[in-house]
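Biologist: Could you walk me through how this one packs inside and where its rings sit?

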Amino acid sequence: MMPVSPQVAYDNLRLLETVDVSSSAFYRQMAQEVLADPRISLNWRQAIADRLIQANHLLGMQTVSSADESY
C-alpha cells in the first residue's frame, strides 16, 4: 500500500459512518498504518488514534444495541 498522509487518514475516519463496510475497513487499515509509522509526528498519531478510538466505540455501541442477545 502506498503511504498515506496523516491528514487523509484523519479525514477518512470522519467518513466511517457514511461509507460501506469495505471502505470503512480500508480507512481503518490506513489509519493503523499511519499510527505505526514512527516518521509521523506524535500530534498527528494522537489525533488519529483519538478519532479511531471514538469510531470504534460508536461501532461497538451500534453492534450491541442492534444485537438480540445483549444483556
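Here is a short chat about the core and the aromatic rings.

Modeller: Ground rules: this is a predicted model, where local features need pLDDT of at least 70, side-chain atom pairs need 80 or more, and totals for chains, interfaces and linings use all residues. Numbering runs from 1 along each chain as its sequence is written, and side-chain values use heavy atoms, with hydrogens and water left out.

Biologist: Which helix gives the most to the largest nonpolar core?

Modeller: Such a core is a set of buried Ala, Val, Leu, Ile, Met, Phe, Trp, Tyr and Cys residues joined through side-chain atoms within 4.5 Å; buried is under 20% relative accessible area, exposed over 50%, partly exposed in between (1.4 Å probe, protein chains only). The largest has 11 residues, including A9, Y27 and A31. Helices here are DSSP runs (H or I, at least four residues), numbered from the N terminus, and α1 (6-13), α2 (21-36) and α3 (42-66) each supply at least two core residues. The top contributor, with 4 residues, is α2.

Biologist: What kind of pair do Y10 and W44 make?

Modeller: Phe, Tyr and Trp rings (six-membered one for Trp) pair with centres within 6.5 Å; planes under 30 degrees apart are stacked, over 60 edge-to-face, the rest tilted. Y10 and W44 have centres 5.9 Å apart and planes at 70°, so they're edge-to-face.

Biologist: Which residue lies over the face of Y10?

Modeller: The rule wants NZ of Lys or CZ of Arg within 6 Å of the ring centre and within 35 degrees of the ring normal. Y10 itself is partly exposed at 23%. At 3.6 Å from its ring centre sits R51.
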